[in-house]
Amino acid sequence: MSQSHDQNFKNLILDYPRQALELFAPEEAAKLDDAVVFTPIREEQLKDRLSDRFLELDIPLLLEWPDGRR
């Protein structure tokens, strides 16, 4: 059985959002200053039974500036 490392990468993005943005979208990261707040928005698929494992989808990040921009 092969092991997926997808969740490990998602956890790294959650732990290091600014660095992940610098890696995956460097032109966008260059526009950020230290006042930007990163908020991860977790998405999960619905489960048929409570005991089933959940499947996470992507890890979207909400970026907010002190002046209210998002």
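Is glutamate 28 buried, partly exposed or exposed? I looked it up: glutamate 28 counts as partly exposed, because its relative accessibility is 39%. My cut-offs here are under 20% relative accessible area for buried, over 50% for exposed and partly exposed in between, with a 1.4 Å probe and protein chains only.

**Ground rules**

I am working on a predicted model, where local features need pLDDT of at least 70 and side-chain atom pairs count only at pLDDT 80 or more, while totals for chains, interfaces and linings use all residues. I number residues from 1 along each chain as its sequence is written, and side-chain values use heavy atoms, with hydrogens and water left out.

**Confidence**

I checked pLDDT, the predictor's confidence in each residue from 0 to 100. The chain has a mean of 79, and 73% of its residues reach 70 or more. Among the elements, α2 has the highest mean pLDDT at 91 and α1 the lowest at 82.

**Layout**

I find 3 helices and 2 strands, in the order α-α-α-β-β from the N terminus. Helices (H or I, at least four residues) and strands (E, at least two) are DSSP runs, numbered from the N terminus. Of the 70 residues in the chain, 19% are buried. The chain exposes about 6,000 Å², with 53% supplied by carbon and sulfur atoms; I use Shrake-Rupley areas with a 1.4 Å probe, and for residues only the protein chains shown count as cover. I also looked at contacts (heavy atoms within 4.5 Å). Among those between residues at least 6 apart in sequence, 41% join residues at least 24 apart.

**Salt bridge**

Back to glutamate 28: its side chain meets that of lysine 31 in a salt bridge, 3.5 Å from N to O. I count a salt bridge when a side-chain nitrogen of Lys or Arg is within 4 Å of a carboxyl oxygen of Asp or Glu. The structure holds 1 of these. Lysine 31 counts as exposed, because its relative accessibility is 59%.

**Core and Phe38**

Which residues make up the largest nonpolar core? I get 5 residues: Leu32, Val36, Phe38, Leu63 and Trp65. A core here is a set of buried Ala, Val, Leu, Ile, Met, Phe, Trp, Tyr and Cys residues joined through side-chain atoms within 4.5 Å. In soluble globular proteins, nonpolar side chains tend to be buried together. Leaving out residues up to four places away in sequence, I see Phe38 touching Pro17, Arg18, Leu21, Leu32, Leu61, Leu62 and Leu63.

**Proline 17**

I followed that list to proline 17, in helix α2. Proline 17 counts as buried, because its relative accessible area is 17%. Beyond four places in sequence, it is in contact with Phe38 and Leu61. Its C-alpha atom is 8.3 Å from that of proline 40, 23 residues apart along the chain.

**Aspartate 33**

I place aspartate 33 in the loop between α3 (26–29) and β1 (37–40). Aspartate 33 is partly exposed at 39% relative accessibility and touches Arg18 and Trp65, not counting residues up to four places away. The C-alpha atoms of aspartate 33 and tryptophan 65 are separated by 8.8 Å, with their positions 32 residues apart along the chain.

**Surface patch**

I last looked at Phe9, Leu12 and Tyr16, which make a nonpolar surface patch of about 340 Å². Patches take residues with over 30% relative accessible area and no salt bridge, joining like charges within 9 Å and nonpolar side chains (Val, Leu, Ile, Met, Phe, Trp, Tyr) within 5 Å. Tyrosine 16 is in the loop between α1 (6–15) and α2 (17–24), and is partly exposed at 46% relative accessibility.
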